[in-house]
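Me: Could you take a close look at one helix of this protein for me, and set it in the context of the whole fold? I'd like one connected answer.

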Amino acid sequence: MKQLVRRIGQTVALTLPVVLVTTGTLAVTRVPWAPPTSLDQQVVAASSGDGAGIGRAATTPRTSDGLPPQDALRVALMDELRAHNPGSALDLLERAMREQPGLTPYCSSLAGELGKAAVRKYQGDVQRARTFARPVCDGSFAAGAAG
């Protein structure tokens, strides 16, 4: 009996870490802040009821003014930057990423464009533009402001 309990204990001790690591790894692959993978997009397209799916051409969703969502956001960000300051535009970008997770693949490029536009707004003063940098989209704003 003692030997049976020992064997069960050894089996659990060997398999439990494998199970925990595997389930932890699988749990981390589906976090809401991660950019969607092509598999995720295929699953969404296949399950949507709009006729876009496997073997059918999917159209890019459009906003009311006919622009794709990322372009509409780009216009809004540039308007915000011109009207206020780069910090306000970065706040808008961060809020948009939180409210529309489907736009996260465009976050870095949008932040980089904001950085370049901020330098133009301040007539080439990179230091002044970089004072507005925030950790939105992995520092792409600062990289865009630098060049």
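Reply: Happy to. Let's start with the whole chain: of the contacts in the protein with a separation of 6 or more, 56% are between residues 24 or more positions apart. Keep in mind that this is a predicted model. The protein has seven helices and zero strands, and buried residues account for 25% of its 147 residues.

The helix I'd pick is α4, which covers residues 86–99. Its 14 residues reach 20 Å from the first C-alpha to the last, close to the 20 Å expected at 1.5 Å a residue. At the N-terminal end, asparagine 85 acts as the cap, with a side-chain oxygen 2.8 Å from the backbone nitrogen of glycine 87.

Glycine 87 is also one of the buried residues of α4. The others are Pro86, Ser88, Ala89, Leu90, Leu92, Leu93, Ala96 and Met97. Their cover includes α3 (69–83), α5 (107–121) and α7 (140–146).

Aspartate 91, in helix α4, is partly exposed because its relative accessibility is 35%, which falls between the 20% and 50% cut-offs. Its side chain meets that of arginine 134 in a salt bridge, at 2.7 Å from N to O. This pair links distant parts of the chain, since arginine 134 sits in the loop between α6 (126–130) and α7, 43 residues from aspartate 91. Arginine 134 counts as partly exposed too, because its relative accessibility is 32%.

Helix α3, part of the cover of α4, has salt bridges of its own. Arginine 74 and aspartate 71 both lie in α3, three residues apart, about one turn of the helix, and their closest N and O atoms are 2.5 Å apart. Arginine 74 is partly exposed at 22% relative accessibility, and aspartate 71 is partly exposed at 26%. Both belong to a salt-bridge network that also takes in Glu113.

Further along α3, arginine 82 and aspartate 79 form a salt bridge at 2.7 Å, N to O. They too are three residues apart, so about one helical turn separates them. Here arginine 82 counts as exposed, because its relative accessibility is 57%, while aspartate 79 is partly exposed at 40%. In the whole protein, the count of salt bridges comes to four.

Methods
Residues are numbered from 1 along each chain as its sequence is written. This is a predicted model: local features need pLDDT of at least 70, side-chain atom pairs count only at pLDDT 80 or more; totals for chains, interfaces and linings use all residues. Side-chain values use heavy atoms; hydrogens and water are left out. Helices (H or I, at least four residues) and strands (E, at least two) are DSSP runs, numbered from the N terminus. The expected span of a helix is 1.5 Å times one less than its number of residues. Buried means under 20% relative accessible area, exposed over 50%, partly exposed in between (1.4 Å probe, protein chains only). Contact means heavy atoms within 4.5 Å. A polar contact is a pair of N or O atoms within 3.5 Å; within protein, one must be able to donate a hydrogen and the other to accept it, and residues adjacent in sequence count only if both atoms are side-chain atoms.
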